[in-house]
Amino acid sequence: MPERFSPFETHLGDLDTFADGPPHELFRRMRDEAPVMWTAAPADWPEIDQPGFWSVTRAADVTTVSKDPETFSSWRGGFTMRAAEVGSLDVQRSVMIGKDGAEHARMRGTVNRAFTPWRVRSLGAGMRERVAGLVDAALERGRCDLVHDLAGPLANATVADLIGVPEADRPQLDRWTDAFLNADDAVAGGMRGDEALAASAQYLMGLLLEREQHPADDLITALGVAAGEGEGLSREEQVGIFSQLFAAGIDSTKGTIASGVLTLLEHPDQLRLLRDDPSLVPQAIEELLRWRPAFTHQRRTTTRPVTLGGVEIPEGDSVVMWLPSASRDPRAIERPDVFDVTRGAKRCPHQAFGGGGRHFCLGAGLARMELTVFFEELLARTEEIRLVGDAVRIRSCFVDGYVRAPLELVPARRPAAAAA
Ligand code: HEM
């Protein structure tokens, strides 16, 4: 058995390490001194079968792991470093990102047939109207909460519109997503990931059956049809797809919108550039994604002994890819510690959507559109945005997001000319 190598202590298994955001100074040191590094489990470690995990911090190594799912399995040990962050291993295995090989390919292929660029584009007009309504309502009140009044409702509505969830049923999507992706009780409200999955599965099964009787122009109908073609998907697999879509699609965009607004407030010179030239928004979105990836890590488990970054990793070990680290790796990007909205998408090779393998984010196009529409409308309708209290972070090493962040919005002097 090769020696597990740990030249210095990291505490990366400890949630306190992430209390103020990803530990960038530690990541810098790891990238330079031990880019593939054993991290011993802390005392309260929930994974009784895992004495620790390998941390991967360089962009090139994250790509290598992501592009070799035969060696680095999602199914074997789940996709999070601490299983309790999401739910049991069974829960993680029930969704697309927790599957490997043919089973994953079958699920992803079916979604791809239904989740087309046309379907994504068709959501655009309604999305712009919705953002305008949310921002205007917040402006009328003068104060609002960034998470509860802006980011959360938009993220929920986008995924609910896509899937075809009726208005009355939408609040429970938030509840299930919060419980599925957050061990933090301030967010999950005491519900566990397993309970959330069971409740959502029951609901989605009912919706699938209802759409079989009464088809509509939504993803759940299209997916029901696509699932019946080719090899077909079981009901459980179809439900797993929907659980994945709302779990992956709501929290991620909610987190990126919240951290994006706060990042711009921390960099007033960059905010000014965007206000002066709104055509910069799409490239600013890439920089925001790079600066604050919504998912802090993705985990895999080795299916065979493998050498990565010169380190021998035995079979069955946990390998954790740190996406905020990869997205600030100076080997992959110039001036990684400078937040620059004029960098240009081509010079912004972040890994916020993953390292480019078979699990690469399926909703990246939709997320980019949603973020662009949000920031275009917010900037067009406001003269000023102020943080007027504490922005409270989610306690997690898996998601980078906020529980709340109180804002004061000052309306634009001239009526907003919404972007095209
Ligand atoms: C800013 C927003 C988002 C971010 C940062 C994000 C990030 C990610 C990441 C890091 C992964 C794992 C990639 C890997 O392991 O290689 C992923 C997978 C996934 N995402 Fe996203 N995501 C976002 C929005 C969305 C949206 C809006 C949807 C759909 C409504 C979505 C659906 C998915 C699905 C289905 C997967 C699993 C794909 C697979 O396993 O094949 N995501 N996302």
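## A tour from the whole fold to the iron

Start with the whole protein chain in cartoon view: you should find 16 helices and 12 strands. Its radius of gyration is 21 Å, close to the 22 Å that the globule rule gives for 420 residues, so the chain is as compact as a globular protein of that length. If you like boxes, the C-alpha atoms fill one of roughly 70 × 55 × 40 Å, taken along the principal axes. Keep in mind as you click around that this is a predicted model.

**Next stop: the ligand.** Hide everything else for a second and look at the ligand, then bring the protein back. The space that the ligand takes up is the largest cavity. Several elements give two or more residues to the shell around the ligand: α4 (101–114), α12 (235–266), β5 (297–302) and α16. Colour α12 brightly, since α12 gives the most to that shell, with seven residues.

**Now select the shell.** The ligand is surrounded by 28 residues. Colour them by class and you get 15 nonpolar, 10 polar and three charged residues. The closest ones are His 104, Arg 108, Arg 300, His 359 and Cys 361, so show those as sticks.

**Zoom in on the oxygen atoms of the ligand.** Which side chains put a polar atom by them? Take these three in turn:

- His 104: one of its polar side-chain atoms lies 2.6 Å from an oxygen atom of the ligand.
- Arg 108: an N or O atom in its side chain is 2.7 Å from a ligand oxygen.
- Arg 300: here a polar side-chain atom lies 2.8 Å from an oxygen atom of the ligand.

**Last stop: the iron.** Click on the iron atom of the ligand. Which protein residue is its donor? Select Cys 361 and find its SG atom: this is the only protein donor of the iron, at 2.3 Å. To see where Cys 361 sits in the fold, follow the chain both ways from it. Cys 361 lies in the loop between α15 (323–326) and α16 (364–381). That second helix, α16, is one you have met already, as one of the elements giving two or more residues to the shell around the ligand.

Technical notes. Residues are numbered from 1 along each chain as its sequence is written. This is a predicted model: local features need pLDDT of at least 70, side-chain atom pairs count only at pLDDT 80 or more; totals for chains, interfaces and linings use all residues. Side-chain values use heavy atoms; hydrogens and water are left out. Donors are N, O and S atoms within 2.8 Å of the metal (3.2 Å for Na, K and Ca); water is not among the atoms, so sites may look incomplete. Helices (H or I, at least four residues) and strands (E, at least two) are DSSP runs, numbered from the N terminus. A residue is near a molecule or strand if one of its heavy atoms lies within 4 Å of it. A polar contact is a pair of N or O atoms within 3.5 Å; within protein, one must be able to donate a hydrogen and the other to accept it, and residues adjacent in sequence count only if both atoms are side-chain atoms. On a 1 Å grid over the protein atoms alone, a cavity is a set of points where a 1.4 Å probe fits but cannot get out, and a pocket is an open set with protein on both sides within 12 Å along at least five of seven lines; lining residues have an atom within 4 Å of a point. A molecule sits in a cavity or pocket if more than half of its atoms lie within 2 Å of its grid points. Ala, Val, Leu, Ile, Met, Phe, Trp, Tyr, Cys and Pro count as nonpolar, Asp, Glu, Lys and Arg as charged, and the others, Gly among them, as polar. The radius of gyration is taken over C-alpha atoms; the globule rule is 2.2 Å times the number of residues to the power 0.38.
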